[in-house]
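I opened this notebook page to record what I looked up, going from the whole chain down to a single residue.

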Amino acid sequence: MSLTGKYAVGILLTFVILAAAMLYSFPAVTTLTGVKGITVTNFFLSRIVLWIILIIVFLYSFCIEKSVFFLKEEKKYSAAFYIKAVLSLYFICLIGGGILNAVILFFIEEKISTKLLNLVLIFRNNYFLVIFTCLTAAIVEEFLMRGYVQSRLEKIYNNPTVAIVISSVLFGILHSTYGTISQVLGPFFIGIVFAVFYKRYSNIKVLIICHFMIDFIAMMMMNFIDIKHLSVF
C-alpha cells in the first residue's frame, strides 16, 4: 500500500474509533462496572478510552505509516504571541459560535442537549473531573483532528482548503452524539477556525490551550448558572 493509502486508512481508522467511542464507550464502561446510570467513575473511565485511542493512532503512524505523528513541524513563538493567539481564537469562537447559535434558534426551536443535561450533576463542583475532561478533549481532539487528520488530508489532496473543510466536518459529526444541530454546527465552526490557524501558524499548543479554555469556562458556568439558560459549544 502506498503512503497516501496508509494516510487514508489512518484517517478512516481515527474517525471510526472516535465515533465508536462517542457512541459506545460509556455504555461499555457501564456494562463492565455493573453500575447503571451516569456516575463520576463511569464517565472518567469513558475519557480514558479517548487516551487509548490517541495511543492507537500514535502506534499506527509509527508502525504502519512509519512516519512521525505530526507531519507539520511545530513552530515556536513568543509568550506574547501565545497570549494574543489564545485570546483572539477564544473570542472569535465565542462570538462566532454565539451568532451561529442565535441563527439556529431563530429558524429552529431547539431544546438543549439531553446528554448535556444528564452530565451536569456529575460535573457540579467536581473540579478534578472538569479539568480532566477538558484536558482530555483539548489534547486528544487537537492531536487527532488537527495534528493527525488535517495534515494527512492535506497530503492526500494537496489542497489545504479541502483538508480544512473535511477535518472540520468530521469534527462536527463527532459531536452529533449530543443530539442537537447546534452541537454539530458549533464544533464545525470552531473546527474551521482552529484548522485555519493550524495551517497558518503550525502550532498545536495554542489550539490545545484555547480548546481547554473554551470547555473549562463553559463547564465552570454550569456550576453557577442554570444550564437551561446556557448556549454552550
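The entries below begin with the overall fold and end with one aspartate.

Entry one, the fold. I kept in mind throughout that this is a predicted model. I looked up the secondary structure and found eight helices and zero strands in the protein chain, so that I wrote down the pattern α-α-α-α-α-α-α-α along the sequence.

Entry two, the dimensions. I noted that the C-alpha atoms fill a box of roughly 50 × 40 × 35 Å along the principal axes. For 233 residues a compact globule would have a radius of gyration near 17 Å, and because the protein chain has 18 Å, I recorded that the two agree.

Entry three, packing and surface. I found that 45% of the 233 residues count as buried, and that, among contacts between residues at least 6 apart in sequence, 78% join residues at least 24 apart. The accessible surface comes to about 11,900 Å², with 72% of that area belonging to carbon and sulfur atoms.

Entry four, charges. I looked up 18 positive and 10 negative charges in the protein chain, whose mean positions are 5 Å apart.

Entry five, D215. I located D215 in helix α8, which covers residues 204-222. Is D215 buried or exposed? Its relative accessibility is 19%, and because buried means under 20%, I entered D215 as buried. Leaving aside residues up to four places away in sequence, I found that D215 touches C134 and A137. D215 and C134 are 81 residues apart along the chain, yet their C-alpha atoms are separated by 5.8 Å.

Conventions
Residues numbered from 1 in each chain as written. Predicted model: local features only at pLDDT ≥ 70, side-chain atom pairs only at ≥ 80, totals over all residues. Heavy atoms only, no water. Helix = DSSP H or I, 4+ residues; strand = E, 2+ residues; numbered from the N terminus. Buried < 20%, exposed > 50% of the residue type's maximum accessible area, 1.4 Å probe, protein only. Contact = heavy atoms within 4.5 Å. Rg over C-alpha atoms; globule rule 2.2 N^0.38 Å. Areas by Shrake-Rupley, 256 points an atom, 1.4 Å probe, with all protein chains shown as cover. Lys, Arg positive; Asp, Glu negative; His and termini not counted. Charge placed at Lys NZ, Arg CZ, Asp CG, Glu CD.
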